[in-house]
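Biologist: Pull this one up for me and let's talk it through. Start with whatever term I'll need for the contacts.

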Amino acid sequence: MNENSPKKHKINFGGGPAALPPEVFADASEAVLDYNGTGLSILEIGHRSKEFMAILEESKAIVKELCGINEDYEVLWLHGGGRLQFAMIPMNFLGDNDTAGYIDSGHWATEAAEYAMHYGGTNIVSTSREGNYAQLPAWPKRIDGNLAYLHYTTNNTIYGTQWHKIPDCNVPLVADMSSDIFSKQMDYSKCALFYAAAQKNIGPAGATLVVMRRDMAERIKRDLPPMLSYKAQIAQHSVLNTSPVFAIYTSLLMLRWTKARGIAAIEQENKEKAALLYREIDRNGLFEAVVKKETDRSTMNVCFRIKNEAQEKTFVSFCEKRNITGISGHRFVGGFRVSLYNAIRLEHVERLAEVMRAFESNNDI
Ligand SMILES: *Cc1c(COP(=O)(O)O)cnc(C)c1O
């Protein structure tokens, strides 16, 4: 084998940018050379071309179908990842004299609230900071009807906790779904706005999906430069400036894959994947799960530790030697985090469990 020959594709449990299905990688590669027989690469297709308009339209239609939402909602593809939404949400909806509620379930939720402090009042209505976010905070019993909106994070990527249902809310509910959108059936219509950076369950980094109920446009508080204004982005149908055409096209490939499998089947497999891995962690004498409360455990990000910390690096290289990568925990929490996004299949998790057993019994496999 010469040094440039391709290696076997690894099993990538990374938190994001994350694994995508091999079919998506193959179709995206083909489009880089020739998009749909146009004689052009997808990389050089204009963002106002009829080809890209068709990509946008189809992707938005699939998003609506997968989320079961109707014409009351606008689907936007924006730039800037999750963090730009942390900023755009308060810029648009939080007036200087308003207050917004934030549920603090961990790092991303905290950061979203910190961004909002630049624009208006923020009220942390619930937090699980004590105990280092190893469980979900309580959902508030009563939500002040004067809040401009309530923001929460459906799945806490770094800490491995997840809300399994979208709660009812008497003020506009805004949800960061970056790490669990399309992973299960949810009543998305309970949200006034939800968003997700693409690089976990949707596609590659560089595109951000924002879905907003149209009546939210009436609540916009500031006159903003167009790039930062939902109103202007809606009016320009996500092509206010040069769109990340390739990132959106690759996301469309992933959306088609998601639709072909169906959310119900994906949800079922996600449950099986997570159950299998938690079972092995709970059984295996070397490891312990970070999130103890079963109902708070995420199906997308499974966080665990090795009881003897001196073995942490050894286990990572044991996995690497067996073509398994991306299992180190986020730098804020250490330990391990195995991300089980939609592109990860049951057999990948079975393989990891097998490697964990082999590590426990000092066997080579
Ligand atoms: C990954 C992630 C983000 C950060 O997204 P960026 O695109 O890097 O800004 C935000 N929220 C959650 C829940 C995430 O998992």
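Modeller: A polar contact is a pair of N or O atoms within 3.5 Å; within protein, one must be able to donate a hydrogen and the other to accept it, and residues adjacent in sequence count only if both atoms are side-chain atoms. This is a predicted model, where local features need pLDDT of at least 70, side-chain atom pairs need 80 or more, and totals for chains, interfaces and linings use all residues. Numbering runs from 1 along each chain as its sequence is written, and side-chain values use heavy atoms, without hydrogens or water.

Biologist: OK, which backbone does a ligand oxygen sit 2.9 Å from?

Modeller: That's Gly 82, through a polar backbone atom.

Biologist: And which side chains reach ligand oxygens?

Modeller: Arg 83 puts a side-chain N or O atom 2.8 Å from one, and Lys 200 has a polar side-chain atom 2.7 Å from a ligand oxygen. The protein buries 89% of the 390 Å² that the ligand exposes when taken alone (Shrake-Rupley, 1.4 Å probe).

Biologist: How many residues surround the ligand?

Modeller: There are 14 (a heavy atom within 4 Å). Thr 157 and Asp 176 are among the closest, along with Gly 82, Arg 83 and Lys 200.

Biologist: What's the class mix in that shell?

Modeller: It has 8 polar, 3 nonpolar and 3 charged residues, with Gly counted as polar.

Biologist: Which helix gives the most to it?

Modeller: Helix α3, residues 81-93, with 4 residues. Helices here are DSSP H or I runs of at least four residues, strands E runs of at least two.

Biologist: Switching topic, what's the overall build?

Modeller: The chain has 14 strands and 9 helices. Its C-alpha atoms fill a box of roughly 65 × 60 × 35 Å along the principal axes. The radius of gyration over C-alpha atoms is 21 Å, which agrees with the value near 21 Å for a compact globule of 365 residues (2.2 Å times the number of residues to the power 0.38).

Biologist: Where's the odd backbone geometry?

Modeller: Gly 16 and Pro 17 are joined by a cis peptide bond, omega about -5 degrees. Pro 17 is in the loop between β1 (11-12) and α1 (22-33). Then there's Phe 182, with a positive phi of about 65 degrees, in the loop between β8 (173-176) and β9 (193-197).

Biologist: Why flag those?

Modeller: Because most residues other than glycine have a negative phi, and most peptide bonds are trans.
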